[in-house]
Amino acid sequence: MSTPLIMFVGFIALTLGITMWASRQSSGASAFFAAGRRITGWQNGIAVAGDYMSAASFLGIAGIIAFQGYDGFMYSVGFLVAYLTVLLIVAEPLRNTGKYTMADVLAYRLSPRPVRAVAAISTLTVSTFYMIAQMVGAGTLVALLLKGSGITYNGAVTMVGILMVAYVVFGGMLATTWVQIVKAVLLMCGTFLLSILVLAHFHFSLREFFGAVSHVQDGAKVVNFLTPGLRYKPPYGALDLISLGLALILGTAGLPHILIRFYTVPDAKTARVSVVWAMGIIGTFYIMTTFLGFGAATIVGKAYIAKNGGVNMSAPLLAKYLGGDIFFAFISSIAFATILAVVAGLTISASTSFAHDVYENVIHHGRKQSPGKTVLVARVTAFVVGAVAIAIAIVLGPTFNVAFLVGLAFAVAASANLPVILLSIFWKRFTTEGAVCGLATGLVGSLALIVVSPSIMGIDGPAVAVSARHLIQAAPLFPLENPGIVSIPLGFIGAFVGTMMSRVDDHSEAKFTELEVRANTGLGSEQATAH
Amino acid sequence: MQPEKSDPLIVTKWDRIAHTDAFKDLMAAKARFIVPATLFFIVYYFALPVLVGYAPDLMRREVIGPLNIAYLFALSQFFMAWLVAALYMRAANRFDSMAKKMLDVHQAGEGK
């Protein structure tokens, strides 16, 4: 067996061990969906970081910085600052008023069936896009890393799908949490070691390092990679950057798989502590993307990376150059662990939303179902989600450009989910019609704008390979890659107009007082289960 | 706790709490921190893409060796986020004790 394969198998064995342990802990709905609400602050903080830092961050951001310099670092900044929205505005009210899903907060005041149905559609959309991006990435990565071991793209995708379903079906939220914790610790160790090796290469002199970054050989030219504008160029680059910033800052607090993590802790104070832990870890990680990305640009070089696996392989190739085959295997298995932890989080978020929002509340009108039945529905959903994700990832194939899917997930979260979460917490007049209208305009608006954006539309010359061609061969109708600057206001306007067109909802206004007291004091919030 | 007298809308324990001065003080204290903190971080954050996009020459200016304003400003965002988080943690501990005191008074009131 090759070294990478041994490390992969080791990680899989460890996570399956965690899953077996978790499956023997107490059962029941609260245990399955929210780990009994007994996760501690630091544990949840690390798990949030593990849930959040996807392959798009580890491989994608390092790659963008390696190829386009400073503009890639703008993503890093946004990914951390976004947590201030989570910390200051969303996490504590959510924990105090909800039970298992994002839709709980909306259903608190509003008519539960319509808002849960639409919120579940939005949750499933965000989770599916995000998951497909990760699965395609995982398939490509594993096939590339284990070249010669006989594992193909399809085999790798299937394996990832089976593992994520196994964690969720057998171990529920508890297993998912610990897989995310193990992954976050591994990712931080790997990133830290790689950063140290990069600095060692420059004799631990930051001056020498940044000196090299400002003189990167890019083809025949020497380019200063610290200069903004290598990716986002005029005339629309500036607007695109602002639009991206909006989607990151408002989207993170609307990502269902992140939000449900705050139900796993005993109270709002612990939720707050866990956000701060997550911010410490996430911030440290994204600062280190400086060394990963610029390191790959200066030490390995764009030309070599492009020939040996492409932009997403920047970090693993840097590891290979600096630490040899063993370190390459280590970094590669961390990338694999990263993907597994994120898809597990997405799977449980989709399953919880279907079982709790759709099955229990939309189909059964919120009549109490036996907890065993709801958990069973969630497990079946996890199977379906896994099968669908495997099928789509195989149909799209390894060369499909997945980068825009992650952007799309953030755009939908920011445009559909966040406006209605904010308005239901802060606006007394808000009505069911407003929530449904806001969710729908935000969701449809961001999807439609992506379809007509340069990510999907464009005219390729005959030299462009078939797999890299734009899906629609026509000039883009919308000039920005990131739709947030238009779709986020659309979500808010939809919610506002829908509310003002509907009659004043006395029930919603009366419950607003209750929500306000509960959100701000924790009175009546869901308690942790006894051990 | 003084429930207001003849208001027909005050029927539940939630309404009774919402009408206390202690709760109004809590909400005011939270708003006094959260509103300016949110405005501050949003302005500070969006200053980065706006300046990078619309004042590229300023942002390209090198200040420490090869390090330009764009990179240093981006790096400062991380410390800004951590600082705001730390300040919020301190303020939130105060909110927690205000809420706890209020709920204790409320529970004593409900018990009688």
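This tour goes through a predicted model, one selection at a time.

**Stop 1: helix α14 of chain A**

Select residues 314–363 of chain A, which form helix α14. This helix has 50 residues, yet its end C-alpha atoms are only 48 Å apart. A straight helix would reach 74 Å at 1.5 Å a residue. Where is the kink in α14(A) centred? Centre the view on A:Gly323, where α14(A) has a kink of about 145°. Now show the surroundings of the helix. Of the 50 residues of α14(A), 43 are buried, so this helix is largely enclosed by the rest of the structure. Step just past the end of α14(A) to A:His365, which takes a positive phi of about 55°.

**Stop 2: two crossings on helix α8 of chain A**

Select residues 153–201 of chain A, helix α8, and add α1, residues 3–23 of chain A. The axes of α1(A) and α8(A) come within 8 Å and cross at roughly 105°. Are these two helices roughly parallel or roughly perpendicular to each other? An angle from 65 to 115 degrees counts as roughly perpendicular, and α1(A) and α8(A) are therefore roughly perpendicular to each other. On the α1(A) side, show A:Ile12, A:Leu14, A:Thr15, A:Ile18, A:Thr19, A:Ala22 and A:Ser23, which take part in the contact. The α8(A) side includes A:Leu163, A:Phe170, A:Trp178 and A:Val182. By class, this contact has 13 nonpolar and five polar residues, with no charged residues.

Keep α8(A) selected and switch from α1(A) to α3, residues 41–52 of chain A. Here the axes of α3(A) and α8(A) come within 7 Å and cross at roughly 75°. These helices, too, are therefore roughly perpendicular to each other. From α3(A), the contact is made by A:Gln43, A:Ile46, A:Ala47, A:Ala49, A:Gly50 and A:Asp51. From α8(A), show A:Thr177, A:Gln180, A:Ile181, A:Lys183, A:Ala184 and A:Val185. By class, the contact of α3(A) with α8(A) has six nonpolar, four polar and two charged residues.

**Stop 3: two loop residues with positive phi**

Go to A:Arg37, in the loop between α2 (29–34) and α3 (41–52) of chain A. Its phi is positive, about 55°, although A:Arg37 is not a glycine. Is A:Arg37 buried or exposed? With 23 C-beta neighbours inside 10 Å, A:Arg37 counts as buried, because the cut-off for a buried residue is 20 or more.

Next, select A:Phe204, in the loop between α8 (153–201) and α9 (206–213) of chain A. A:Phe204 also is a residue other than glycine with a positive phi, near 50°. A:Phe204 has 10 C-beta neighbours inside 10 Å and counts as exposed.

**Stop 4: two buried glycines**

Select A:Gly386 in helix α15 (residues 371–396) of chain A. A:Gly386 is buried, with 26 other C-beta atoms within 10 Å. Which residues does A:Gly386 touch, not counting those up to four places away in sequence? They are A:Gly161, A:Met164, A:Val165 and A:Thr347. To get a sense of scale, draw a line between the C-alpha atoms of A:Gly386 and A:Leu477, which are separated by 34 Å. Along the chain, these two residues are 91 residues apart.

Move to A:Gly295 in helix α12 of chain A. A:Gly295 is buried, with 31 other C-beta atoms within 10 Å. Leaving out residues up to four places away in sequence, A:Gly295 touches A:Val198 and A:Leu318. A second line can join the C-alpha atoms of A:Gly295 and A:Gln180, which are separated by 27 Å and lie 115 residues apart along the chain.

**Stop 5: where the chains touch**

Show both chains. The contact takes 38 residues from chain A and 44 residues from chain B. On the chain A side, the elements giving two or more residues are α5 (70–97), α9, α10 (237–251), α12 (268–300) and α19 (506–521). Which of the elements gives the largest share of the side of chain A that touches chain B? That is α5(A), with 11 residues. By class, this side of chain A has 23 nonpolar, 10 polar and five charged residues.

**Stop 6: chain B**

Hide chain A. Chain B has four helices and two strands, in the pattern α-α-α-β-β-α along the sequence. Of the 112 residues in chain B, 23% are buried. Among contacts in chain B with a separation of 6 or more, 53% join residues 24 or more positions apart.

Definitions and conventions:
Residues are numbered from 1 along each chain as its sequence is written. Chains are lettered from A and ligands numbered from 1 in the order in which they are written. This is a predicted model: local features need pLDDT of at least 70, side-chain atom pairs count only at pLDDT 80 or more; totals for chains, interfaces and linings use all residues. A residue is buried if 20 or more other C-beta atoms lie within 10 Å of its own, exposed if 12 or fewer, and partly exposed in between; C-beta atoms are placed from the backbone. Two residues are in contact if their C-beta atoms, placed from the backbone, lie within 7 Å. Ala, Val, Leu, Ile, Met, Phe, Trp, Tyr, Cys and Pro count as nonpolar, Asp, Glu, Lys and Arg as charged, and the others, Gly among them, as polar. The expected span of a helix is 1.5 Å times one less than its number of residues. The bend at a residue is the angle between axes fitted to the seven residues ending there and the seven starting there. Axes are lines fitted to C-alpha atoms, for helices over the stretch in contact, and angles run from 0 to 180 degrees between N-to-C directions. Angles under 35 degrees count as roughly parallel, over 145 as roughly antiparallel, 65 to 115 as roughly perpendicular and the rest as oblique.
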